Amino acid sequence: MPSTFSTIRKNIRLDFSHRVYFTKDCFSHTNDTLSDIVQPHRKNQPSKIIIYLDEGMLDGNPNLPDQIKGYFQARTDALQLVCSPIFIRGGEAAKNEWELVEKIWTDLNTFSLCRHSYVIVIGGGAALDLVGFAASTAHRGIRLVRLPTTTLSQGDGGVGVKNGINYFGKKNWVGTFSVPYAVLNDFSFLRGLPKGQKRAGFVEAVKVALIRDRSFFEQIEARADDLAKFNEEAMHHIIRKSAALHLEHIAGSGDPFELGSARPLDFGHWVAHKLEQLSDFRIGHGDAVAIGLGVDLLYSAKIGLIKKSSAERCLQLLERLGFVLYDEMLGSKSKQGKHVILEGLEEFREHLGGELTITLLQGIGEGVEVHAMDKVKILESVEDLCTRNLIQQEK
Ligand SMILES: NC(=O)c1ccc[n+]([C@@H]2O[C@H](COP(=O)([O-])OP(=O)(O)OC[C@H]3O[C@@H](n4cnc5c(N)ncnc54)[C@H](O)[C@@H]3O)[C@@H](O)[C@H]2O)c1
Ligand SMILES: [Zn+2]
């Protein structure tokens, strides 16, 4: 006698449209990109809109809140901004307090936002993750429009489909997969970013080029000197292409909600996540990923996957863009004398679940998945990166 009497099975197909717009000065009176996105779905009922603004934006854009209010005041026939833009803490601190999620839920409830309303968030990746999480869980999901304001979030995280905050001291432990209603990349927001923050997005462009698109790698190489000087046209080009490749992966990989164990876009990230954590976030994500790429590139060459000269070419590009490819944290040891960085491998596996899957390189533009790494060779690669960095600094 079988223990299952019968099974009912139906496939549920969901089709999402994921739209990323590129513009400049999106709150100028004549720019209709955003207002077109948030048009009402029902006749004679203006769209209810609430806006969250990363505090960090204010230094370079002190007039932004007034500009936003003016933009919506000129469009009250169709759009109803329910209150002045609400400021939220920027940076990783935004993701460390559960109370901030409750505060956003309280706002959404107070102003009676419903599933036909829009939550707009303007800010860095951390602010997007926090507000996105709160919006995706309120009423089981209120439409979210993201306006990323860092190079990193415009070319990478902001165009993704994940939200989340840190919990139990672990990054992104609570979160959702939720396709944003739209993403609007406004290049004028990038002007006020400090140099280190501007540079941070370049590394994700190099990363995605390395695993998927050799010709994009060559384009970045050709514009490296312009990028190092933060030439706007060169920056916009690589952000746009990086966003397109990330989106292509999400839409075309067959696993947008990461049910499998592989995460090719996280090339170089197992080291990066560990370094960020070890340094208590002194090392920013972009700088940490550059070092992580350094380790995995040298490792790929050490085990014969790519030519040493190709790995060297990639390292040189990262350095030309202004990244320093070593930090003393990389060599730190536990009280028992163990190399702490190696813990990053198991933590990475745990985070994805299932079998360890790490992306390495078999050529420029060709990522390859492996399921084991040799710890001795990893430490040799770290050592080589350290030596290489000392030589670079002496030059
Ligand atoms: N959801 C995803 O798929 C995904 C992917 C990658 C990264 N992330 C997350 O993104 C976060 C990192 O995001 P980030 O690198 O964009 O930085 P961030 O959000 O940490 O912001 C860094 C700092 O820049 C400030 N800032 C933001 N925009 C500014 C501007 N235009 N001018 C001046 N200052 C500005 C912020 O206030 C903050 O102080 C991490 O928490 C990471 O986990 C999420
Ligand atoms: Zn990243």
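Start with the zinc ion (ligand 2): in this predicted model, Glu204 (OE), His269 (NE2) and His285 (NE2) coordinate the zinc ion, at 2.1 to 2.2 Å. Read along the chain, the donors of that zinc ion fit the spacing E-x64-H-x15-H. Glu204 sits in helix α6 (residues 195-212) and His285 in helix α11 (residues 285-302), so this pair ties together parts that are 81 residues apart in sequence.

How buried or exposed are Glu204 and His285? Glu204 has 0% relative accessibility, so Glu204 counts as buried. His285 comes out at 22% relative accessibility and therefore counts as partly exposed; the cut-off for buried is under 20% relative accessible area.

Now for some backbone oddities. Which phi does His139 have? His139 isn't a glycine, yet its phi is positive, about 50 degrees. You'll find His139 in the loop that runs between α4 (125-137) and β6 (143-148).

Phe230 is another one to look at: a positive phi of about 60 degrees, and again not a glycine. Its place is the loop between α8 (224-228) and α9 (232-252). With a relative accessible area of 12%, Phe230 is buried, since buried means under 20%.

Here are the two loop residues together:

| Residue | Phi | Loop |
|---|---|---|
| His139 | positive, about 50 degrees | between α4 (125-137) and β6 (143-148) |
| Phe230 | positive, about 60 degrees | between α8 (224-228) and α9 (232-252) |

To go back to the metal, the residues to bring up on screen are Glu204, His269 and His285, which coordinate the zinc ion (ligand 2).

Terms used:
Residues are numbered from 1 along each chain as its sequence is written. Chains are lettered from A and ligands numbered from 1 in the order in which they are written. This is a predicted model: local features need pLDDT of at least 70, side-chain atom pairs count only at pLDDT 80 or more; totals for chains, interfaces and linings use all residues. Side-chain values use heavy atoms; hydrogens and water are left out. Donors are N, O and S atoms within 2.8 Å of the metal (3.2 Å for Na, K and Ca); water is not among the atoms, so sites may look incomplete. Helices (H or I, at least four residues) and strands (E, at least two) are DSSP runs, numbered from the N terminus. Buried means under 20% relative accessible area, exposed over 50%, partly exposed in between (1.4 Å probe, protein chains only).
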